[in-house]
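Me: I have a structure open and would like to learn how to read its features one by one. Could you walk me through it?

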Amino acid sequence: SDLAEGSREAPFASLARAVAATRTARRLIGPQYRASILLREGTHYVSETILLGPEDNSLILQNADGEKAWLSGAKSVRTSPARAWRQHAERDNVWALDLRGTGIEEVTGLRINRKRAVR
């Protein structure tokens with residue numbers, strides 16, 4: 001949760017919260033403070049642009065040792081029995097997913113299990 005302390009054991013839920021915490025620490029400690037944000041394994045979804053400025057000078061953003069971390073501006077769509085991929089009745093290679101209610105109005109790129117898919 002973003003209410004967590006921001007440690008390895010209790011990380012923040014969002015990158016935006018982690019950046020805000022580094023800015024607070026720099027204000028309290030001083031400009032010599034060198035902040036690092038460690039991203040753990042997995043895809044980290046960023047729903048809003050995070051603007052970095054001079055106050056973020058020397059901020060290090062990296063993956064944890066031996067782990068693969070992805071930053072994505074995409075929106076993840078969770079499937080369920082009510083929202084499942086459906087195969088086209090006449091074309092084996094055409095699939096559809098009802099996106100009503102997801103807030104997605106346009107699909108400009110598609111990845112399935114981190115692999116680029118043709119839309």
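Reply: Gladly. Helices (H or I, at least four residues) and strands (E, at least two) are DSSP runs, numbered from the N terminus. With that naming, Glu67 sits in the loop between β3 and β4. Keep in mind that this is a predicted model, where local features need pLDDT of at least 70 and side-chain atom pairs count only at pLDDT 80 or more, while totals for chains, interfaces and linings use all residues. Residues are numbered from 1 along each chain as its sequence is written, and side-chain values use heavy atoms, with hydrogens and water left out.

Me: Is Glu67 buried or exposed?

Reply: Buried means under 20% relative accessible area, exposed over 50%, and partly exposed in between (1.4 Å probe, protein chains only). Glu67 has a relative accessible area of 16%, so Glu67 is buried.

Me: Which residues does Glu67 touch, not counting residues up to four places away in sequence?

Reply: Contact means heavy atoms within 4.5 Å. By that rule, Glu67 touches Arg40 and Glu41 once residues up to four places away in sequence are set aside.

Me: How do I recognise a salt bridge, and how many are there?

Reply: Side chains of opposite charge can pair when their charged atoms come close. The rule used here asks for a side-chain nitrogen of Lys or Arg within 4 Å of a carboxyl oxygen of Asp or Glu. The count comes to four salt bridges. One of them joins Arg40 and Glu67, with the closest N and O atoms 2.5 Å apart. Arg40 lies in the loop between β1 and β2 and Glu67 in the loop between β3 and β4, so this pair ties together parts that are 27 residues apart in sequence. Arg40 is partly exposed, at 32% relative accessibility.

Me: Which residues are joined into one network by salt bridges that share partners?

Reply: Arg40 lies in the loop between β1 and β2 and Glu67 in the loop between β3 and β4, as we just saw. Elsewhere, salt bridges that share partners join Arg23, Glu55 and Asp56 into one network. The side chains of Glu55 and Arg23 meet at 3.7 Å, N to O. Glu55 lies in the loop between β2 and β3 and Arg23 in helix α1 (residues 15-29), so the pair ties together parts that are 32 residues apart in sequence. Asp56 also forms a salt bridge with Arg23, with the closest N and O atoms 2.8 Å apart. That pair links distant parts of the chain, with Asp56 in the loop between β2 and β3 and Arg23 in helix α1, 33 residues apart. As for cover, Asp56 is buried, with a relative accessible area of 7%, whereas Glu55 is partly exposed at 42% and Arg23 is partly exposed at 21%.

Me: How should I read the two faces of a strand, and which residues of β1 are on the covered one?

Reply: In a regular strand the side chains alternate between the two faces of the sheet. In strand β1 (residues 36-39), the covered face has Ile37 and Leu39, and the uncovered one has Ser36 and Leu38.

Me: How many bridges join β1 to strand β3?

Reply: Two strands pair if DSSP finds at least two bridges between them. Four bridges join β1 to strand β3 (residues 60-63), and these strands run parallel. Within this pairing, Ser36 has Ile60 of β3 as its bridge partner.

Me: What about phi: which value does Ser58 have?

Reply: Most residues other than glycine have a negative phi, and most peptide bonds are trans. For Ser58, phi is near 75°, a positive value in a residue other than glycine. Ser58 is in the loop between β2 (42-45) and β3, and is partly exposed, with a relative accessible area of 24%.

Me: And Ser72: where is this residue, and which residues is Ser72 in contact with beyond four places in sequence?

Reply: Ser72 is in strand β4 and is buried, with a relative accessible area of 18%. Leaving aside neighbours within four places in sequence, Ser72 is in contact with Thr43, His44, Tyr45 and Val46.

Me: Thanks! Last one: where is Ala84?

Reply: Ala84 is in the loop between β4 and β5, and counts as partly exposed at 22% relative accessibility. Ala84 and Leu97 are 13 residues apart in sequence and 6.3 Å apart in space, C-alpha to C-alpha.
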